[in-house]
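Hello,

Here is the structure I said I would pass on. My notes on it follow below the entry.

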Amino acid sequence: MLAFSAFCALGCLVRYAAEVFAGRAIRVQRLWATLAVNALGSMTVGLASSHLTNDPTLILAFCGGMTSFSAAIAAPAHAWRDGSRRSAMVVLITTPLLCISAYALGATL
Amino acid sequence: MPTFEPAHSLLVRLLAVLGGGFLGGALRYVILADFSLAAGTSSYKPASLANSLDVRLLMINTVGVFIATWLLLGRMGNSSPDAPGRLFWTTGVLGGLTTYSSLIGELGAIWGQNRGVAVLIGALSVGAACGAGLLAYRIHQRVERGS
């Protein structure tokens, strides 16, 4: 459980780094970074599902920390309240579609 | 888009994310792992290999969305996105507890067996989470109007 939690924490750190990078370096709202890491994490799980024969627990721990269902919904809700309604709707709708596509891409690579 | 200058040091922010993520991950493990008390062992059965809907994953994602939306619409949402408390609870604990990748992995595994069921479970999961977020949004609006 300790290793699982540690890998999950590292995944969270990668998500936070992406959000900070999005906000400061490329000057976009953080919810776009959340969308990107959710897609990246889904693609990684897709890759693992088709190529990995060993125990995938730690990969699932890391990707589970990197991706976040709560942020995928709560961040657009927060943006919606602050007036960024178009971004909120786009992120809300595209997240599941993009994550499924990324998983399929990862599984076929 | 409001911009905030982080008032806390990088180390404090990193520790908040790591600590919250560790706690969220431990909670997810405890909730999703299959414990064999008789044998004194536990194993994390990833949903993508279970080939069936894991109701526990559905629950933690839905409840996590409700709590995160509630927190972000409250005072925590008005603080800096780099405030340690916000990083610990939303980015760390709730981010580590809820997961998009496991759900997608689960759907991918079910897709290979029954596409209709995979679409149904996907719609149910996303619909329940959106409903939880909307519920938190509505309750929050009522509370704000009442106070």
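In this predicted model, the contact between the chains draws on 42 residues from chain A and 45 residues from chain B. On the chain A side, five helices each supply at least two residues: H1 (2-24), H2 (30-51), H3 (57-66), H4 (69-81) and H5 (85-108). H1(A) gives the most, with ten residues. By class, the side of chain A that touches chain B consists of 24 nonpolar, 15 polar and three charged residues.

Within chain A, I also looked at how H1(A) packs with H3(A). Their axes come within 6 Å and cross at roughly 35 degrees, and the crossing is right-handed. From H1(A), the residues that meet H3(A) are A:Ala3, A:Phe4, A:Phe7, A:Cys8, A:Ala9, A:Leu10, A:Gly11, A:Cys12, A:Val14 and A:Arg15. Their counterparts in H3(A) are A:Thr57, A:Leu58, A:Ala61, A:Phe62, A:Cys63, A:Gly64, A:Gly65 and A:Met66. Sorted by class, this helix contact has 13 nonpolar, four polar and one charged residues. Both helices are also among those that supply residues to the side of chain A that touches chain B.

As for chain B, its secondary structure comes to seven helices and two strands. Along the sequence the pattern is α-β-β-α-α-α-α-α-α, with the two strands following one helix. Chain B has 147 residues, of which 45% count as buried. Among its contacts with a separation of 6 or more, 78% are between residues 24 or more positions apart.

Regards

Terms used
Residues numbered from 1 in each chain as written. Chains lettered and ligands numbered in written order. Predicted model: local features only at pLDDT ≥ 70, side-chain atom pairs only at ≥ 80, totals over all residues. Contact = placed C-beta atoms within 7 Å. Helix = DSSP H or I, 4+ residues; strand = E, 2+ residues; numbered from the N terminus. Nonpolar A, V, L, I, M, F, W, Y, C, P; charged D, E, K, R; others polar. Axes fitted to C-alpha atoms, helices over the stretch in contact; angles between N-to-C directions. Left-handed = near helix turned anticlockwise from the far one by under 90°. Buried ≥ 20, exposed ≤ 12 C-beta atoms within 10 Å, placed from the backbone.
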